Amino acid sequence: MSIDLMDYRDGDTLLQAGVARPTSAERAPAVLVVHQWAGRGAAEHETAERLAALGYIGVAVDIFGKGIEGDPAGDNTPLIAPWLSNRADLARRIGAAVDFVHGLEGVDVGKIAAIGYCFGGLVVLDLARTGRRDIQGVVSMHGLLDGSGLAADGPITAKVLVHHGWRDPLATPNKVLDFSEEMLSRNADWQLHAHGQAMHAFTNPGAQAPDSGMLYNPEGDRRSWASVVDFLEEVFKNAV
């Protein structure tokens, strides 16, 4: 597999996606991959390529803007703070990525899903919260679970899968409970898989800071990816 870099826009802001395509020439479902707090990089491209190997068009999208990257080993709070404080802008930005995917050659536009890691997990949950009916499913991997308040009375039509590290200090049990109540109140088809010994960033082999609540967990990584594969198969099989 290889990654093609493609530019797209949200209004006047130039963004860039990394696109991985399956070997088949037929139309294929597309899966957006939304990055963690350091921005789109090698890990997101690798996930896009894994998705392409499953027969999907994997699209590693961009929230921050073309060329804007943080330090994977550093504190990237300044990059995500503006988005956390303005969730309407965040919903618009991920919506622009979905619109870009609609225009990609070979995409079956009736079959689109999204997977996000850490900060990206919150982004894809916000995508589901917007109620867009062109999204069949979203997956949050050790993502932030805080509600946005956007369209809070409308139904969530995308299927929702959350993989959560129970020892994650960024998504404490009370936040998990609040999230579950939100999903129930909006009549979502949702699942939450809690990995009992896992912390934040448990799918990232580079996460080695247990004192800060971030640690790679190989069992959680393996189990969560197997679940994602099954989830995508289900949501695309049932899509019209």
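Two strands count as paired if DSSP finds at least two bridges between them. The views below show a predicted model.

**View 1. Strand 2 between its antiparallel partners, strand 1 and strand 4**. Strand 1 (residues 4–10) and strand 2 (residues 13–20) are joined in the antiparallel sense by 7 bridges. Within this pairing, D10 has T13 of strand 2 as its bridge partner. The hairpin formed by strand 1 and strand 2 has 2 residues between the strands, and G11 adopts a positive phi near 65° there. Strand 2 also runs antiparallel to strand 4 (residues 57–60), with 3 bridges joining the two. In this second pairing, V19 stands opposite V59 of strand 4. Strand 2 is mostly covered, with 6 of its 8 residues buried.

**View 2. The salt bridge between D10 and R92**. The closest N and O atoms of D10 and R92 are 3.0 Å apart. Because D10 belongs to strand 1 and R92 to helix 3 (residues 87–102), the pair ties together parts that are 82 residues apart in sequence. The two partners can be set against the cut-offs for burial: under 20% relative accessible area is buried, and over 50% is exposed. D10, at 9% relative accessibility, is therefore buried, whereas R92, with a relative accessible area of 40%, is partly exposed. Side chains of opposite charge can pair when their charged atoms come close. The whole structure contains 12 salt bridges.

**View 3. The salt bridge between R129 and D126 within helix 4**. Here the closest N and O atoms are 2.8 Å apart. Both residues lie in helix 4 (residues 119–129), and their separation of 3 residues is about one turn of the helix. An α-helix has 3.6 residues a turn, so residues three or four places apart point the same way. Both partners are covered: R129 is buried at a relative accessible area of 1%, and D126 is likewise buried at 1% relative accessibility.

**View 4. The salt bridge between D189 and K159, with the network around D10**. The side chains of D189 and K159 meet at 2.7 Å, N to O. D189 is in the loop between helix 5 (173–185) and strand 8 (190–195), while K159 is in strand 7 (residues 159–165); the pair thus links distant parts of the chain, 30 residues apart. D189 is partly exposed, at 38% relative accessibility. Elsewhere, D10, D89, R92 and R93 form one network through salt bridges that share partners.

**View 5. The buried and exposed sides of helix 5**. Helix 5 has 13 residues and spans 18 Å from its first C-alpha to its last, close to the 18 Å expected at 1.5 Å a residue. Its buried residues are V176, F179, S180, E182 and M183. These residues cover an arc of only 160° around the axis, so they lie on the same side of helix 5. On the other side, L177, D178, L184 and S185 are exposed. The buried residues of helix 5 pack against helix 4, strand 7 and strand 8. Just after helix 5, N187 has a positive phi of about 60°.

**View 6. Helix 3 and the surroundings of R87**. With 16 residues, helix 3 reaches 23 Å from its first C-alpha to its last, close to the 22 Å expected at 1.5 Å a residue. Its buried residues include L90, A91, I94, V98, F100 and V101. R87 also lies in helix 3 and is buried, with a relative accessible area of 10%. Leaving aside residues up to four places away in sequence, R87 touches L122, D126, R129, D146, G147, S148 and L150. Two of these contacts, D126 and R129, are the salt-bridge partners of View 3.

**View 7. The largest nonpolar core and another core apart from it**. The largest nonpolar core has 45 residues, and those with the most contacts inside it are L32, V59, I63, I94 and V160. Helix 4 contributes the largest share of this core, 7 residues. I94 touches L32, V34, V61, I63, V123 and L127, not counting residues up to four places away in sequence. Another core, of 17 residues, lies apart from the largest one; among its members are Y117, L161, V228 and F236.

Terms used. Residues are numbered from 1 along each chain as its sequence is written. This is a predicted model: local features need pLDDT of at least 70, side-chain atom pairs count only at pLDDT 80 or more; totals for chains, interfaces and linings use all residues. Side-chain values use heavy atoms; hydrogens and water are left out. Buried means under 20% relative accessible area, exposed over 50%, partly exposed in between (1.4 Å probe, protein chains only). Helices (H or I, at least four residues) and strands (E, at least two) are DSSP runs, numbered from the N terminus. A salt bridge is a side-chain nitrogen of Lys or Arg within 4 Å of a carboxyl oxygen of Asp or Glu. The expected span of a helix is 1.5 Å times one less than its number of residues. The arc is that of the directions from the helix axis to the C-beta atoms. Contact means heavy atoms within 4.5 Å. A nonpolar core is a set of buried Ala, Val, Leu, Ile, Met, Phe, Trp, Tyr and Cys residues joined through side-chain atoms within 4.5 Å.
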